Structure formats: C-alpha cells, structure tokens
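Here's a quick tour of one chain, from its cysteines out to the overall fold. Have a look at the model first, then read on.

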Amino acid sequence: MQAPVVTFVEAKDENFEYGQAQCTAQMYASMLYNERKGKPVPVIYGCAVTGDVWKFMKLEKGKITLDIKNYYLVEIPKILGIFHQILKSFLV
C-alpha cells in the first residue's frame, strides 16, 4: 500500500449509518497512515456504498463532511466525475 490513501466502504444491508461510521474510521486511519509515511494530505476522501447508492465524505482539519446527496448507480457519469475531481486534487 502506498500513500496517499483514499478509502471506500461497502455499507452492509444498505445501512448507511454503519457504513458511514466505518468509513470515518478508515478515513482517520488513512490520515494517520499517510502522515506516518511522510505523505500527509490536507483532505482524505471516502465513500460509503451499497452497490446501488453512493455517499461521499471527506475528512479535513479533523472534521468529517458528509455529502447530503445520495448518488445512484444510474448516475455513473456523475459518480465518475466525483472520482475524477478527487484524483485531480492529489495531482496539484
């Protein structure tokens, strides 16, 4: 595994509360991993996914921000656009 790390979590049984909590823990762990590898990043992105529904999150300055919008599998271009923006943020 190489830093920087981004995390994705499958939300079991469409339970986004559990998926979001698990994703938050993984995002925090990713932040620590990146720092220990000497590659800290200002923002850690995450996503809780049921397979059909996607919820994006970010960890920045110790605060979790949850996108209130649900993204659905039929919105693949929009989901890919979000991924594209996340990846671009690491290339600057």
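Let's start with a cysteine. In this predicted model, cysteine 23 is buried, with a relative accessible area of 0%. Cysteine 47 also counts as buried, at 0% relative accessibility.

So how many disulfides does the structure hold? The count is 0. Cysteine 23 is in no disulfide, and the nearest cysteine sulfur to it belongs to cysteine 47, 6.9 Å away. Why no bond there? A disulfide needs the two sulfur atoms within 2.5 Å, so the 6.9 Å between the sulfurs of cysteine 47 and cysteine 23 is too far.

Here are the two cysteines side by side:

| Residue | Relative accessible area |
|---|---|
| Cysteine 23 | 0% |
| Cysteine 47 | 0% |

Zooming out, the chain has 2 helices and 5 strands. Read from the N terminus, the elements go β-α-β-β-β-β-α.

One bit of that string is worth a closer look. Strand S3 covers residues 53-60 and strand S4 covers residues 63-66, and the two pair in the antiparallel sense over 4 bridges. Within this pairing, lysine 58 sits opposite threonine 65 of S4. S3 and S4 make a hairpin with 2 residues between them. In that turn, lysine 61 takes a positive phi of about 55 degrees.

As for the whole chain, 36% of its 92 residues count as buried. Take the contacts between residues at least 6 apart in sequence: 45% of them join residues at least 24 apart. The chain exposes about 6,100 Å², and carbon and sulfur atoms supply 58% of that area.

Methods. Residues numbered from 1 in each chain as written. Predicted model: local features only at pLDDT ≥ 70, side-chain atom pairs only at ≥ 80, totals over all residues. Heavy atoms only, no water. Pairing = 2+ DSSP bridges. Buried < 20%, exposed > 50% of the residue type's maximum accessible area, 1.4 Å probe, protein only. Contact = heavy atoms within 4.5 Å. Areas by Shrake-Rupley, 256 points an atom, 1.4 Å probe, with all protein chains shown as cover.
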